[in-house]
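I am opening a notebook on this structure, and I mean to write down each thing as I look it up. The entries are short and follow the order of my reading.

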Amino acid sequence: MTDTLRAVNVSKRYKHASTPVLALEAVSFELGRGSSTALFGQALAGKTALVHLLAGLESVSSGQLWVFDKELSSLSEAERANYRREVGLLSPIVPWLSQFSLRDNVALPLLVAGASRRETHERVAELCALLEVEDGKLEALSPVMRQRWGLVRALVHHPTLLLVDEVVDALSGEAEAFTETLLTLAKQFSLTLLFTTRQARLAAQAERILTLRQGKLLQPSPTEPTPANLSNDAKRQFL
Amino acid sequence: MWRAQLTYRYWRTQPGKCLGACLPIALSVALTFLATHLYLGSSQAYQTLVLQPLNKVDLQLLATSDEGMYGTWQAVLENLPNIARVTPVLHRQTLVLREGKKFSVEVQGLNTHMNNETIGISAALAKRLNVAVGEPLELATPQGLRRYKVASISQTNSPNDVITASLEEIQALFTSGERVDGFDLQLTDKTKRSTTLTVLQKQLNGLATVITPDKRTRPVRTVLLTVQNVLVVVVVLSLLMTLCLLAHVLETSRKERETERRALHMFGLSSPQLVRWQLYETATLVGLASLLGLGAAFYFTSFITLNDITNFQNLWTTLTTSLVVSLLIMIYSFGLVWWQPKQAITPEQNWLRRLPVRSWLFWQIVTRLGQRYWLAVVVLLLSLTGLTSMVALLTMQRSSVTAWLTTTLENPVLAERQLHLQEEFPLSDTMRWNMAMLPEVAFIFSGVKSVIMEEGLETGLYVFDKPSFPSAYVQSIAGAASDTLAEVLSSGRKLAVSETSATTFHLEVGQRLRLTTPSGQRVYEVAAIIKDIPGLADGLLVERSVYLRDWQRSSEGLYVLSLEESAQPREVASLLREQLSQQYPGVSWHGALFKSELERLLETSLVWCRALMLAFVLLAVTAFRQVVATNTVRQVFSTFYIFGSKRQVLRRILLSTLTLMFSVITSIAMLVGTGLSYWFFARLEQSDSTWIWQLPLSSYVLCIFIGLGMIMLLSYQLMKHYRFSLEGKL
């Protein structure tokens, strides 16, 4: 069993009308287990495409994508579905079901994983207390509270990989605090965290930054220090 | 585990949709169960109550010539192979006069014990003429008016008003010479009927037509088939409505279910797993709804005890039919939704178009039908029609069957606690003793050929076997009060007379009576007067030892078993039939109808009607909800809003319009429903058209009450449905 999350020349093409769109081109990187990584880039850089690949929602067009001991492109549909139970995804594309209560919504991943009612109830209660979420109707929640609930849903089924896409940027003034929460939780639950952002100052909070531009990963030099090693001045210079 | 939990959570949050899907399914399964049960039960009842009493006549010969056949043919027919018994038959239409009024009747000449001055009449005629045993009647004959005394009142299977008299008397009055209209034949071996038929036709050479019992029962069979066809139509209609309503419920929840499936896919369910979950959910929903339907059906039929042990087969058939319907609904429901998980996961692909052509067409048809408001309106109308039909049928049937029961129960033969066994040959002593000793049997007596008294008067002689004749039936008795009737009658030549005989022949206790017996004239003493027991209304009763000594076992033919209070007549009949059939293969029970069973039959039909009423109410409400949820009705509301009406005025306008609209619809449906019920019931009863005006006022009031109730309920539903949107916009 490997302890790395590794992409080897991963490319992803989408068919948009009759013109194929190259969302990712020969992306290669390696992340350690338990690391916190920011996926930095502007709009249409390919961040969401990479997150979807890592979440097991889509398959690579070429290349190999290893998530610890699983090579995602070689998985069957059933195996891919099983893999998704190990991933926590906090993203706007994960729908909230209006016919269910908030607690029922966040319990769904755990139910799918086969937990009993008691286990589900206890786990949800534990995370709700930890994240200090407030009950209520979904449409009446503040953006931060909604994302906290989303975080409960992403963590409820004991994932090993936590992916956060298009969330922190939408929180405006609360973004830094939320990012800090993400990092704290990742450390607490020994998760491998990958979050996307367009804001460099938020990206700087992570241990590692992967920068995407027009589907290509900008490779840092081996000697280039990672943000965790930089002094505050150096960080400001980077930003 | 996760399937059950997910299914439970969805149902808990969407109880309305769940009920909307469950109730039609439960209804269809329940109706299928009830209809199948009634279908099989009515077929069996037809066998037992109609065919079996006719079984004594396997074939009927009717003379082709108006002059009839000579009575001498009887000897010829009796010598033919496979002919067990030949009974000459003579029918004539004539008039009977009573209190200055004329009544059309059918006169039958039979070889009975009646003398030429007495007649027997049917119970229906007795009620019509308001005549009792012992009273006179005048009969119009070609020889002029003839006066007869009514000696007995009996139940017949003929729908006509019937008078029975001795064959010789009717021949003398209505025919020239010893002619008869035909003969009733009883076969030794019923399986060889067709062979016997061939021999008969050859022998008769066109002199008579041979009629089988099937032809005689055609009218009853026609009614039975009509009832059964109506049952099938009810089941098919309910099934059709269920399928349409299911399609609607599934279609209206498609969008939110798609979102749900997409989410579950992201959480780790593959497409096949989602499809399997869908199957699980469908099977659970249909299964639970079917159980609910079966439970309701069982409850409604639980009190029916007309069926004996052989109806276990009926129960199996009924259950199987219901389960087949349930399975069909399950397959249909799953067929509507199995592709939806795939569509949810890959929405860019139109899975409908990728389905096999037949599935695609099937889906298009059922969902479009389910979405159409006009279909819901049709369903609503049909439901209201069905509802009012049931109400009308309920009241009509109650009044009609009550009247029939009253007529039937006045017949002294159809008593509550008796079994009549008719055989031309006496039962063995052992068999008779065994029957008499059954704990369910209070006492048993058998009928003998008529006995001639002094002055040529003729009456019936009965012999009783049970050692203890119930003292409750004894009106007065010679000797000490503690003496039983058996003790009194077995000492010397003593007999008991019925109240009617005592009145008719002016007899009293202690009086001596000379009777002509096979061994000569004998003098008897009247030792007791007993109350008119059904079947023994007119006759003399002797104890068996006296009978054996003086009448030497001559011509016992009728056995009447009076049962104890606690005995179940049908069970005793089944038991005795089983015992008797071993020695007497052709044995059958005559007039095996019992008051308790008749009342139970009435209750069954009443509960049926109530169950169907409830079913139609549920269907109407469900269909109405579908109507109000359609875009067309929403547009009507929007139009009102555009005109800027104030809230109060708007509500008044809406309520008035709706009330008027649904009043019209409900009234039309009620009229149609009542008309249908009347038509159906008139066919069933073969009655004329005037009786509908004889319905009690309460039945019309009930119809109107239910109609108003439906209007209020439907209007409330509509206003409640749109109250939020109205308040939101205004």
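Which residue in strand 10 of chain B does Leu62(B) stand opposite? Before answering I note that the model is a predicted one. I looked along the pairing and found that Leu62(B) faces Gly182(B) in strand 10 of chain B.

**Entry: strand 1 of chain B**

I then followed the strand on both sides. Strand 1 of chain B pairs with strand 10, residues 182-187, in the antiparallel sense, and I find 4 bridges in that pairing. Strand 11 of chain B, residues 208-211, also runs antiparallel to strand 1 and is joined to it by 4 bridges, and here Leu62(B) stands opposite Thr209(B). When I checked how covered strand 1 is, I found that 4 of its 5 residues, which span 59-63, are buried. I add a general reminder for my reading of such elements, that side chains in a regular strand alternate between the two faces of the sheet.

**Entry: Ile121(B)**

Next I picked a single residue and asked where Ile121(B) has its place, which turned out to be strand 5 of chain B, residues 118-122. Is Ile121(B) buried or exposed? I looked up its relative accessible area, which is 1%, so I record Ile121(B) as buried. Leaving aside residues up to four places away in sequence, I list among its contacts Ala126(B), Val131(B), Leu137(B), Val150(B) and Ile163(B), and the serines Ser152(B) and Ser154(B) are also touched by Ile121(B). I also looked up one distance, from Ile121(B) to Ala132(B), which lies 11 residues away along the chain, and the two C-alpha atoms are separated by 9.6 Å.

**Entry: where chain B meets chain A**

I turned to the two chains together and found 22 residues of chain B in contact with 23 residues of chain A. The size of an interface is often given as the accessible area lost when the parts come together, and for this pair I read about 2200 Å², with 65% of it on carbon and sulfur atoms. On the chain B side, Arg9(B), Met266(B) and Phe267(B) supply 33% of the area that chain B buries against chain A, which is more than any other three residues supply.

How many salt bridges are counted between chain B and chain A? I find 1, formed by Arg12(B) and Asp104(A), whose closest N and O atoms are 2.5 Å apart. I also count 7 residue pairs in polar contact between the two chains, with both residues at pLDDT 80 or more.

Looking at which elements of chain B take part, I see that helix 1 (2-13), helix 9 (254-267) and helix 10 (271-301) each supply at least two residues of the side that touches chain A. The largest share, 8 residues, comes from helix 9 of chain B. By class, I sort this side of chain B into 9 nonpolar, 9 polar and 4 charged residues.

**Entry: chain A as a whole**

I wanted an outline of chain A, and I find 8 helices and 10 strands in it. Of its 239 residues, 49% count as buried. Among contacts in chain A with a separation of 6 or more, 69% are between residues 24 or more positions apart.

**Entry: salt bridges in chain A**

A search over all chains finds 14 salt bridges in the whole structure, and I followed a few of those in chain A. One joins Glu126(A) and Arg123(A), at 3.5 Å from N to O. Why are Glu126(A) and Arg123(A) separated by about one helical turn? I note that they are 3 residues apart in helix 4 of chain A, residues 117-131, and that this is why. Glu126(A) is partly exposed at 43% relative accessibility, whereas Arg123(A) is buried at 7%.

Another salt bridge joins Arg198(A) and Asp169(A), at 3.8 Å from N to O, and it links distant parts of the chain, 29 residues apart. Arg198(A) is partly exposed at 36%, while Asp169(A) counts as buried at 17%. I also find that Glu166(A), Asp169(A) and Arg198(A) are linked in a network of salt bridges.

My last look was at Glu176(A) and Arg201(A), whose closest N and O atoms are 2.5 Å apart in a salt bridge. This pair connects helix 6 with helix 7 of chain A across 25 residues.

Notes:
Residues are numbered from 1 along each chain as its sequence is written. Chains are lettered from A and ligands numbered from 1 in the order in which they are written. This is a predicted model: local features need pLDDT of at least 70, side-chain atom pairs count only at pLDDT 80 or more; totals for chains, interfaces and linings use all residues. Side-chain values use heavy atoms; hydrogens and water are left out. Contact means heavy atoms within 4.5 Å. Buried area is the accessible area (1.4 Å probe) that two parts lose on being put together, summed over both. A salt bridge is a side-chain nitrogen of Lys or Arg within 4 Å of a carboxyl oxygen of Asp or Glu. A polar contact is a pair of N or O atoms within 3.5 Å; within protein, one must be able to donate a hydrogen and the other to accept it, and residues adjacent in sequence count only if both atoms are side-chain atoms. Ala, Val, Leu, Ile, Met, Phe, Trp, Tyr, Cys and Pro count as nonpolar, Asp, Glu, Lys and Arg as charged, and the others, Gly among them, as polar. Buried means under 20% relative accessible area, exposed over 50%, partly exposed in between (1.4 Å probe, protein chains only). Two strands pair if DSSP finds at least two bridges between them.
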